[in-house]
Amino acid sequence: MNLNEVAAAANTVRSLTMDAVEKAKSGHPGLPMGCAELGVLLYGEIMSHDPKDPKWADRDRFVLSAGHGCMLLYSLLHLSGYELSIEDLMGFRQVGTKTPGHPEWGTTPGVETTAGPLGQGLGNAVGMAIAERILSAVFNTPRHTVVNHYTYVLASDGDMMEGVASEAASLAGHLGLGKLIVFYDSNRITIEGSTDLAFSENVPARFAAYGWHTQSGSMYDAEGIIRMTEEAKRASDRPSFIELKSIIGKGAPNKAGTAKAHGEPLGADEIKAAKAALGIPEGAQFFVFPGAREYFQSRHAAWKARHAEWDAAFKAWKAENPALYEKWRQWVESPRLDLPAAALAEFAQGETLATRAASGKTLNALARIVTNLIGGSADLAPSNNTNLKDMGDFSRSNPLGRNFHFGIREHGMGAISNGIAYHGGLRPFCATFMVFSDYMRPAVRIAAIARLPVIYVFTHDSVFVGEDGPTHEPVEHLAALRVIPNTVVLRPADAEETESAWRIAYERLDGPTVLALTRQGLPVFPKADPEWKANIRRGAYIARDCKGAPEVVVVATGSEVHAALKAAEGLADRKIRVVSMISRELFLSQPAAWRAALVPAKSKKVSFEAQVTFGWKNLFDDSVVSVGIDRFGESGPYQKLAERFGITAAALAEKLKALK
Ligand SMILES: Cc1ncc(C[n+]2csc(CCOP(=O)(O)OP(=O)(O)O)c2C)c(N)n1
Ligand SMILES: [Mg+2]
């Protein structure tokens with residue numbers, strides 16, 4: 001390691017950051033300037049990566065959890081030779097560039113996560129380290145190692161304060177994820193000023209209590225950082241936490257060490273002074289110090305050699321283990337299998353079971369076919385019906401277990417599931433009561449932004465939870481989940497629809513999918529549409545029809561469909577069509593003519609769903625009559641609640657009779 005070259009590269013990060021933020025007239029110079037040396041060491045000395053092949057399966061992962069510091073990441077990706085030009089850096093924070101205001105997965109080569117909401121990245125990294133643990137156990141053989149990489153994180157004070165990071169770190173410690181190494185940028189400054197305002201705990205002691213290996217040192221001691229990283233690797237039975245005392249905005253003569261350096265351009269005068277102090281020629285913009293490029297260029301041969309070594313090992317492994325390679329192909333290279341046409345689980349007409357129970361059966365059948373499907377619940381597996389029978393528990397000692405026990409940590413569970421999805425090779429699902437989707441919503445939102453194919457099993461999907469009362473009864477949650485772009489919410493109406501729902505969820509790779517499932521039993525009903533299995537994929541189908549054009553179309557979802565069917569049966573003299581709408585998003589994505597054929601413009605429209613009525617007018621028009629529950633629930637037997645809130649066949653029939 002040539003310390004002069006490292007310094008030149010670090011000061012180049014400072015130079016590029018100051019100018020990019022100044023040019024954009026917005027951004028966060030403090031973290032990149034404060035952590036420039038660590039960044040250079042990570043990309044130049046510590047990490048095994050290949051800028052020419054950013055998707056190399058066995059690369060080390062780097063997660064910038066403090067996503068606001070993304071000029072650090074962009075500068076390093078540029079300098080180390082990823083496809084990110086100096087012009088790209090000049091386009092920082094502009095529309096349509098590869099350098100958005102916070103890192104976005106899929107937008108910039110080499111960016112491993114969408115980050116910015118503090119704490120999420122650390123949670124993602126735990127998921128990545130879990131994925132590495134699993135894949136290494138599945139694919140490595142006594143003769144060959146094809147999965148062997150580290151997950152590095154740079155996290156800030158804000159990351160340390162957020163609950164999601166604590167949840168994820170607690171689980172990481174419990175699981176002993178030895179290949180997870182977190183660097184803590186301990187600059188003791190946040191937006192409002194010193195962390196003395198609100199944060200005085202001993203952070204390394206907290207991580208030690210979680211079961212992590214911890215060390216402390218200086219951000220500006222390059223040899224110390226290398227030494228501590230080696231030490232962290234040696235502590236292979238625990239994740240590692242390295243606190244690095246640092247100075248926010250280091251290099252800015254007046255603003256360094258203050259909140260002024262956090263999140264705004266330094267300003268012309270301060271930049272001028274900083275450039276003079278750093279030795280940047282007067283007037284130079286986006287200046288790259290002599291030696292900085294050379295430093296990274298000198299690394300390319302080593303990176304290439306390491307990658308070639310892996311290629312050779314992989315080739316030999318593949319030749320010796322064709323069956324294992326076939327698994328690799330299905331898991332890692334082309335991550336979706338075509339499912340057999342036959343039903344994953346069979347259900348008899350008239351059989352009554354909760355959709356969560358039907359989901360449990362279907363999920364188990366699916367997991368036997370899709371061998372990289374893994375997941376679990378936040379301590380509610382018996383209620384969510386997510387237990388994978390005879391597939392073991394993932395734990396410190398059993399990396400092959402496919403059932404995850406996330407503990408009562410919904411937010412951490414969401415972030416970790418995202419990390420597993422980012423990593424690749426595995427298909428994650430996770431579960432809780434629908435009402436607690438709020439506890440993990442920020443992670444669901446990022447899954448949606450990054451279009452991660454995470455499957456959420458949210459059971460107990462209405463006031464029909466019953467006796468547990470309003471705290472446990474979701475009323476606004478379907479609306480709240482449906483409103484997230486790129487997300488598909490599926491609310492199946494019986495066991496057969498649940499089987500279809502799992503297929504739709506599994507086949508969907510461009511965003512998260514929610515399964516909204518009942519606690520209470522529902523009868524399996526005969527479907528009027530002989531093509532229902534095809535049409536349900538479009539979001540809706542005709543569950544019961546009338547002769548000729550319908551006078552009324554009742555659009556019901558989930559548990560309300562069978563009540564709607566009963567109501568329509570009792571009004572046999574009326575022309576009533578019942579549509580089961582498993583997904584509003586899928587329905588809305590269909591051509592207008594198809595939608596109008598299902599729900600004709602001339603018919604009266606009634607929506608029927610045991611949650612808030614918000615959104616149904618948007619789906620059709622103002623004339624829609626919405627039967628729902630626009631208030632919080634109550635505690636009591638669910639049949640009584642159904643009567644109280646008017647979500648019964650009888651109550652609906654009265655409404656239909658009264659329709660003008
Ligand atoms: C969940 C979340 N809340 C709030 C913010 C807004 N925000 C961005 S950075 C920051 C805190 C900055 O302090 P620190 O994390 O120590 O970063 P530093 O200033 O040291 O770069 C805040 C509150 C955010 N990005 N995410
Ligand atoms: Mg800070």
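In this predicted model, helix H26 (residues 649-658) has four named buried residues, Ala649, Leu652, Ala653 and Leu656; buried denotes under 20% relative accessible area, with a 1.4 Å probe and protein chains only. Helices are DSSP runs of H or I with at least four residues, and strands are runs of E with at least two, numbered from the N terminus. The buried residues span an arc of only 105° around the axis, which places them on the same side of H26; the arc is taken from the directions from the helix axis to the C-beta atoms. Their cover includes helix H21 (560-570) and strands E17 (552-556), E18 (576-581), E19 (604-608) and E20 (625-627), contact being heavy atoms within 4.5 Å.

Among the 15 residues around ligand 1, the nearest are His68, Ser156, Gly158, Asn187 and His262; a residue is counted if one of its heavy atoms lies within 4 Å. Helix H7 (157-161) and strand E4 (189-190) each contribute at least two residues to this shell. Polar contacts (pairs of N or O atoms within 3.5 Å) link an oxygen atom of ligand 1 to a polar side-chain atom of asparagine 187 at 2.6 Å. An oxygen atom of ligand 1 also lies 2.9 Å from a backbone N or O atom of isoleucine 189. For the side chain of histidine 262, an N or O atom is 2.6 Å from a ligand 1 oxygen atom. Ligand 1 taken alone exposes 580 Å², of which the protein buries 74% (Shrake-Rupley method, 1.4 Å probe).

Residues are numbered from 1 along each chain as its sequence is written, and chains are lettered from A and ligands numbered from 1 in the order written. Local features require pLDDT of at least 70 and side-chain atom pairs pLDDT 80 or more, whereas totals for chains, interfaces and linings use all residues; side-chain values use heavy atoms, without hydrogens or water.

Notes
Buried < 20%, exposed > 50% of the residue type's maximum accessible area, 1.4 Å probe, protein only. Polar contact = N/O pair within 3.5 Å; in protein donor to acceptor, adjacent residues only side chain to side chain.
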